[in-house]
Amino acid sequence: MEKRRYNLLLLCVFIVIISITFLTQYSTEVEASSLIVNGQLDLSNKELSEEGPFKLNGDWNFYWQKLLEPTDFKQSVPLHSTLINVPSSWSNQLIDDIALPRDGYGTYRLTLRLNEAEQGKLVSLNMHSIATAYRLWVNDELLASNGVVGDSRDKMIPKEYAKIVTFEVNQPEIEILLQVSNFHQRKSGLWGSITFGTLEQITEHRERGIAIQLFVVGCIFIIGFYHLVLFLILRIEYSALFLAFACFGVVVRTLLLKDTLLISMFPQINWEVAVTLEYLGALIALLFFLLFVKQEMAKDISNKLTNFLVSVVIVYSLFVIFTLARIFTNTFLFFQLLASLIMLIIVIVSVISALRKREGAYLNVVAMLVLFIAVLNDVFYYSQMISTDEFVSLGLLFYLFTQSVHLSKRFAHSFTNVEKLSKELQGLNHSLEQKVVKRTEELQEANKSLQKIESARRRLLASVSHELNTPLTFIQGYIKAMIDGVISKDDSTYLRAVYSDTQMMAHSIQDLQELSKLESGQVSFRFESLDMQAFVLQLYEEQKQVVQERGFHFHYKETVFNARSDDKVFCKIDPIRIKQVYINLLTNAQKFTPAGGVISVEVEIPSLSNSKEVKVSIRDTGQGISEKDLPFIFSHFYKVNRTTNEEQRGVGLGLAIAKEIIEFHEGSVGVKSEQGKGSAFFFTIPIQVIKEEV
Ligand code: ADP
């Protein structure tokens, strides 16, 4: 919505600019054509400074194939004259019912009757658009000439250059005599209006025209230059390059028309070159404008059509370059048709693109229509079908203005995009750095634990060989003693000892296998969600009778902190493995507690908000563990005292296995013990959910 309003505003601004430009340019001129009758213009009842300037349009006296001078009119026999309409090429007119040819020469004559009040004042004629050489007399005085007038192609030199001719009014009647010859181009004679007024009016009028033209041309040039630089920097925006050349084409052409400013700047430019440049300027503008549109709306215009049109324009341009003006200016009709056709195609393409809702297409259509109308105007103006003025440069300026808006928008858009991207990139960089730091830390951590594992592995290997070596040495000793006959082969005590040692070794190997599987993650756990209280109570119940039969006091205790005692606490556990841990701890407690001692199983349920783990402890009143042994109790093969007590003999791997299993449950193991008083081994398991009993 906002965008549309913005575009509308743009359009209004331009309509206003164009209107002002042209209203100021034309409002001061009065059409005087109706006043010129039979080669005479009566301004005797008009005040020049008030009502002027006047366009000297109308029926002038004309002498075909005669180059007359003021003296020729002093003779008593009047010359045979005809009337010719100005402004218009003579080749467009009939004299005595015969169409005049393009090439030829003649004399124009006009008598001006002025107001008495104008006597002694300076008046001026704005001479332009006269094809293609002239000589001007005012009241018998040769005042100006352009090129060299001649009665054949060889005798004349063409030139087209706008001039202001000023003279003093020293008699009531002013005779304007103009010799014109043309053998060089399509237009012939007075094809544009000559303006007459006071010196101030004419200079002011011409200055205003030049100012407007320079403004328009300057704007177009700067926009073109800007796009050229843009292309040179970016290299990929070919549309910018094409637009730049289209601008330069229009600049050259506009500077050669009407006020012929380029000739004022470079008087040495030859007429032939100037006309060629005028045509080429238009052709170059057309060609690059077409390429620009093709680049911008590639999806809406076919390749074949553009290629065809481009080749036609190029071939025609070569024709213009390599032939003389008197030949190529005759193909003006073809040029007009070509220009109109290309512009029409471009307008159609713009409309299609707008219908397909392409970015910036609406504004483009409006601008393109304005430009199209300007081109049509110029086509009709230069074919002398309408008497407006040259409009293409203004139309193009309007178009360029809209394009600049479009381009600026596109750049602003890209710029904000780049900003956004670089911000994102910065963010990404930052988070990458953080990630790298984190990963490095993790790697260091992993490295450390790898080192730990490695040293543990070495320790394990050392202890394994030591642990297996001890019973093996015993076995070897017994068997050697038997072979040597030191002990009797029939003595079953030693055989039993050997058997016990092999059992012990087998046990060790089993435990080791299990531990190494656990440590390397080869054991698969079957986790289930279980009610922890119920599960531990069941374990207790299962073992209760056996433990009590062995002469222990065996108890079960449940402590629930703050939670409602009816709530059920669920943990994700592998019941077989947890039972293994429980049995291990319970067996140890029995091993290291003398008969009659107390063993209890305790479950602690935390308060809901506090801890998130269930704690299971096996407490005994046995021998306890010394403070120096406590830190190593969960290590491989750690045994407090190398007891000979058959019952207390163990491998020293049970607690290490228990620790491994509990850590798989993301819990922890620990022990509290006091020598001589007893031990409390415990493990914790994270709570999964607490289900409230309704
Ligand atoms: P084992 O398989 O030989 O029982 P453990 O790893 O289970 O080995 O135990 C390691 C050592 O920890 C035992 O040799 C013992 O000295 C000590 N220990 C374990 N449980 C108790 C306990 N309840 N009271 C006293 N000492 C214990």
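Start with the whole chain in view: the protein has a radius of gyration of 56 Å, whereas a compact globule of 694 residues would be near 26 Å (C-alpha atoms only; the globule rule is 2.2 Å times the number of residues to the power 0.38). Show the C-alpha trace along its principal axes, and the box is roughly 180 × 65 × 40 Å.

A word on what you are viewing: this is a predicted model, in which local features need pLDDT of at least 70, side-chain atom pairs count only at pLDDT 80 or more, and totals for chains, interfaces and linings use all residues. Residues are numbered from 1 along each chain as its sequence is written, and side-chain values use heavy atoms, with hydrogens and water left out.

Now switch to cartoon, where 15 helices and 24 strands appear (DSSP runs: H or I of at least four residues, E of at least two, numbered from the N terminus).

Next, select Ile-220, Phe-289, Val-293, Ile-342, Ile-346 and Met-368, which touch the most other members of the largest nonpolar core, a set of 77 residues. Such a core joins buried Ala, Val, Leu, Ile, Met, Phe, Trp, Tyr and Cys residues through side-chain atoms within 4.5 Å, buried being under 20% relative accessible area with a 1.4 Å probe, protein chains only. Add helix α6, residues 271-296, the biggest giver to this core with 15 residues.

Zoom in on Ile-342: leaving aside residues up to four places away in sequence, its contacts are Leu-286, Leu-290, Leu-309 and Val-313 (heavy atoms within 4.5 Å).

Finally, pick Val-464, Val-651, Leu-655 and Ile-687, which are among the 50 residues of another core, apart from the largest one.
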